[in-house]
Amino acid sequence: MAKKLNVKLVDDRILIQRDVPDKITDKGIILPENVKKKPITGHVVAHGPGRYSGGTFVPNSVAVGDYILFANGEGVQVTIDGDEYLLITETHVHVNFGKK
């Protein structure tokens, strides 16, 4: 599980710590860094309050610690205190599995 961060996100932004990709396949083959696919799952470490839509406030539907599946190729890679995270908007979340 990700460490607690002291960041304040705006609108419907979500900060995710991606799952760590496997370095060895089920058959024992060691994968080099350039072959591994970036995972599209991870844990929410911070989120903004939500967004306005048509004059109505819509709160974020995720919570810190939720395990989510998100759109591949979306978001911005950020480094905070030496750790890498992905910053996305809530519209890029496809599935929220809840706490895991």
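Two residues are in contact here when heavy atoms of one lie within 4.5 Å of heavy atoms of the other. With that in mind, a good place to start in this predicted model is Phe70. Leaving aside residues up to four places away in sequence, Phe70 touches Ile16, Arg18, Pro39, Ile40, Thr41, Gly42, Leu86, Ile88, His92, Val93 and His94. Several of these names come back below, in the description of the core.

First, the overall layout. The chain has 8 strands and 0 helices, and along the sequence the pattern simply reads β-β-β-β-β-β-β-β. Of the 100 residues in the chain, 33% are buried. The accessible surface comes to about 6700 Å², and carbon and sulfur atoms account for 54% of that area. Contacts reach well along the sequence, too: among those with a separation of 6 or more, 64% are between residues 24 or more positions apart.

Now for the inside. The largest nonpolar core has 9 residues, and Phe70 is one of them. Its other members are Ile14, Ile16, Val44, Val62, Ile68, Leu86, Ile88 and Val93. Three elements supply two or more residues each to this core: β1 (13-18), β5 (66-70) and β7 (83-89). Ile16, Leu86, Ile88 and Val93 are core members that also turn up among the residues touched by Phe70. There is also a second core, separate from this one, with 6 residues, among them Leu5, Leu15, Val45 and Tyr85.

Charged side chains come next, with 3 salt bridges in the count. Asp12 takes part in a salt bridge with Arg13, with N and O 3.4 Å apart. Asp12 also forms one with Arg51, where the closest N and O atoms are 3.7 Å apart. The second of these pairs spans a stretch of the chain: Asp12 sits in the segment before β1 and Arg51 in strand β3 (residues 50-53), so parts 39 residues apart in sequence are tied together. How buried or exposed are the three residues? Asp12 has a relative accessible area of 7%, so Asp12 is buried, being under the 20% cut-off. Arg13, at 30%, is partly exposed, and so is Arg51, at 27%. Through shared partners, the salt bridges join Asp12, Arg13 and Arg51 into one network.

The remaining salt bridge is between Lys99 and Asp66, at 3.4 Å from N to O. This one also links distant parts of the chain, with Lys99 in strand β8 (residues 93-99) and Asp66 in strand β5, 33 residues apart. The two partners sit on opposite sides of the burial scale: Lys99 is exposed, with a relative accessible area of 56%, whereas Asp66 is buried, at 7%.

Asp66 deserves a little more attention. Besides the salt bridge to Lys99, the side chain of Asp66 makes a polar contact with the side chain of Asn96, at 2.9 Å. Not counting residues up to four places away in sequence, Asp66 touches Gly42, His43, Val44, Ser61, Asn96, Gly98 and Lys99. One of those neighbours, Val44, also belongs to the largest nonpolar core.

Strands β5 and β8 meet again through aromatic rings. The chain has 2 aromatic pairs, one of them formed by Tyr67 and Phe97. Their ring centres are 5.8 Å apart and their planes stand at 40°, so the pair counts as tilted. Tyr67 lies in β5 and Phe97 in β8, so this pair ties together parts that are 30 residues apart in sequence. Which of the two is buried, Tyr67 or Phe97? Tyr67 is, with a relative accessible area of 12%, while Phe97 is partly exposed at 49%.

One last stop is Gly73, in the loop between β5 and β6 (76-80). Gly73 is exposed, with a relative accessibility of 67%. In sequence Gly73 and Lys38 are 35 residues apart, and in space their C-alpha atoms are 9.1 Å apart.

Technical notes:
Residues are numbered from 1 along each chain as its sequence is written. This is a predicted model: local features need pLDDT of at least 70, side-chain atom pairs count only at pLDDT 80 or more; totals for chains, interfaces and linings use all residues. Side-chain values use heavy atoms; hydrogens and water are left out. A nonpolar core is a set of buried Ala, Val, Leu, Ile, Met, Phe, Trp, Tyr and Cys residues joined through side-chain atoms within 4.5 Å. Buried means under 20% relative accessible area, exposed over 50%, partly exposed in between (1.4 Å probe, protein chains only). Helices (H or I, at least four residues) and strands (E, at least two) are DSSP runs, numbered from the N terminus. A salt bridge is a side-chain nitrogen of Lys or Arg within 4 Å of a carboxyl oxygen of Asp or Glu. Accessible areas come from the Shrake-Rupley method with a 1.4 Å probe; for residues, only the protein chains shown count as cover. Rings of Phe, Tyr and Trp (its six-membered ring) pair if their centres lie within 6.5 Å; planes under 30 degrees apart count as stacked, over 60 as edge-to-face and the rest as tilted. A polar contact is a pair of N or O atoms within 3.5 Å; within protein, one must be able to donate a hydrogen and the other to accept it, and residues adjacent in sequence count only if both atoms are side-chain atoms.
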